[in-house]
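Got your viewer open? Let's take a short walk through this structure, one selection after another.

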Amino acid sequence: MNRKRSNPRSRTGTARRSKSGRPQPSEQGKTISGTISVHPRGFGFVTSEHSEKDLFIPPHSLNNALSDDQVLVSIQSEDARGPVGKVEKILRRGHSEVVGVFAFDAAGEAFIQPLRQEIPENVPLSFASEKSQPPPSDLEEGDWIEASLQHPDGQGQALQAEFTRRIAKPGAISADLDAIVAAFDLTPAYSAEENRAAAACQPVDIERHKLDDKIVLLTIDPEDAKDFDDAISLQVNPESGTATVGVHVADVAAYATPDSELEKGAALRGFTAYLPGRTLHMLPPALAAERCSLRQGAENLAHSVFLEIDRETGEVLDRRRCHSRVAVTRRLSFDQAQAIIDRPEAKTELPEPVKNTVLELHRLAETMRRRRQETEHFLELESREVRVLCDEEHEQITGLKPATAAAADHLVEEFMLAANVAVACEMRDRKIPGIYRIHSEPDPLALREFVEWAGEIGLRFKGKLENRFHINRFLAQAKPRHDREIINSMFLRTLSRATYSAKPAPHYGLGKESYCHFTSPIRRYTDLVVHQQLWAADQGEAARDQKACTAIASRCTIQEKNNDEAYFAALDRMKIRYLQELRIRGERLFYEGAVLKVGGDGLLVFIPELGIVGKIPKDQIPRKSAGRVWRGGNVIYVTVDKADPIRGRLLLAPAGT
């Protein structure tokens, strides 16, 4: 999942210029409508169907506009990076509510401190309206509350809010999560009644292929996984030098048929929200974790893709798809699979057929991955995440755990990618309306700025910026460096988000010409729709048309972005709350960091051990010797000065101060 890039100078599109280099007068003064996205640092971008270029909005020109608002913007000027605009009018608010912490200022006036960073820091709060709920008698500073935004009409008028309800008392993990769910308007968990209704749902009965019981079929998932939506089988064909890999996906469409209550609930949510300490399922748990899951020792309904692969070259020679009945031989965790790969000679309690299947799948996946590297030049970025470990029962954060993609992750990823490509190609070739996953090429200007930044820390680029092979060769220089995560993070900021589309188009990051999401229908609505469209085509039934798929793709792109933002908001706040608790206990928090950005108000520092960014204020930046200045990528040792889990901010101090 990519975070929104934070560089206000890195925008898609290039302004039209006259020969003198000045902006063309015809663009200045023009007004257009669009949707605004406001960055926590105060500036914004407006995307409009009336313009090929995003409009940059400086902080002083926002006129109280908030993210997702529909706005009318006038173009004030243009530079080499595109048009610069000013919000003239807010046409429609994207959000009517604000969630945050109740507080008083020095004069005793009430205000709300919003959780979402793109909303101004302190919004005056009132209780005057007849529509407003009276505040609880025990309402105190620090309580999580929700308030209705009052929208000023005139220029320069301050944003205000009106109290509507208290969400939770502060201090507990559940309170923070309740606030995040409300702030990002996530759909609450299914009720007990909805779950019981889902448990009683019967699948549509169709003819299915029965997988041979002698074939080893494995699920490989995180240790704490609750739902299992994909499994892998293997048949080696010695005579032909090929292997047949089966990717078996939970046949959710057999239960969640179009326009059913189950399908409507999935469409409303779009995705399963995996927050640290809380999971909000896209489907009722009775389906997600039980009836639809591919469980060990039970016969399961699946939608299978069989891939015939050349064992020596890794080329996919043929593909076929069918609805099936499968029984999982063994459920493995990623750690178990990795242990087999790392030490194939070690004794284990796992049956030999299971162990041998893992090793053969690993060998085949590595062969396929090398082929993709040579032919498609997918972007090779080392993925590392620092997870928050939560004890939900006792409302405690128990620690942080770094997780880096290993061979077992690549094993699963490789076959899921191949199955997704196979399905995308089938939909495209048969002209079945569907949902595709697409990713546009990065902005050349943003790439150029990244290369210039990287040059300042000793990385040298040779080749063409638009060539993924040359980009990978460039990024490979960072692998042995201590600041490699900073470099990868800065590069990711040059990339746009992947989106959904009803039309097939290339996926830049993966190097694929056609790609879709098929392998996770338990947790992604787009995958469920693809299953439903294929189901209809297989059964000769009416499927959704192109227009309906376009609307779904657009909605799911927005839902996914919102889900991602909620996840990162929860992740950062849990980490910051954990650091706050450690400070209260008197532990000395000393970390190695790398400078991410040098700004006028201080240094942004990335701490790899925590997977989080903090700030050293300008007045605390230590001097460098011999007249040198701080640059991105520099190592700096820091301690935690202040942890603010409300706004998700971490203030740092140089170690030793």
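Start by selecting A337, I340 and I341 in helix α5: they touch K355, V358, L359 and H362 in helix α6 (contact means heavy atoms within 4.5 Å; helices, H or I with at least four residues, and strands, E with at least two, are DSSP runs numbered from the N terminus). By class, that contact has five nonpolar residues, one polar and one charged (Ala, Val, Leu, Ile, Met, Phe, Trp, Tyr, Cys and Pro count as nonpolar; Asp, Glu, Lys and Arg as charged; the others, Gly among them, as polar).

This is a predicted model, where local features need pLDDT of at least 70, side-chain atom pairs count only at pLDDT 80 or more, and totals for chains, interfaces and linings use all residues. Residues are numbered from 1 along each chain as its sequence is written, and side-chain values use heavy atoms, leaving out hydrogens and water.

Next, select residues 144-150, strand β9, and 160-168, strand β10: seven bridges join these antiparallel strands. Click on E146 and you'll find its bridge partner, R165, in β10. Zoom out, and five strands close into a barrel with mixed pairing, in the order β6-β7-β8-β10-β9 (strands pair if DSSP finds at least two bridges between them).

What lies across β6, β9 and β10? Select residues 173-183 and you have the culprit, helix α1.

Last stop: V423, E426, M427 and R430 in helix α7, which meet V530, L534, A537 and D538 in helix α11. Here the classes come out as five nonpolar, no polar and three charged residues.

Terms used. Axes fitted to C-alpha atoms, helices over the stretch in contact; angles between N-to-C directions.
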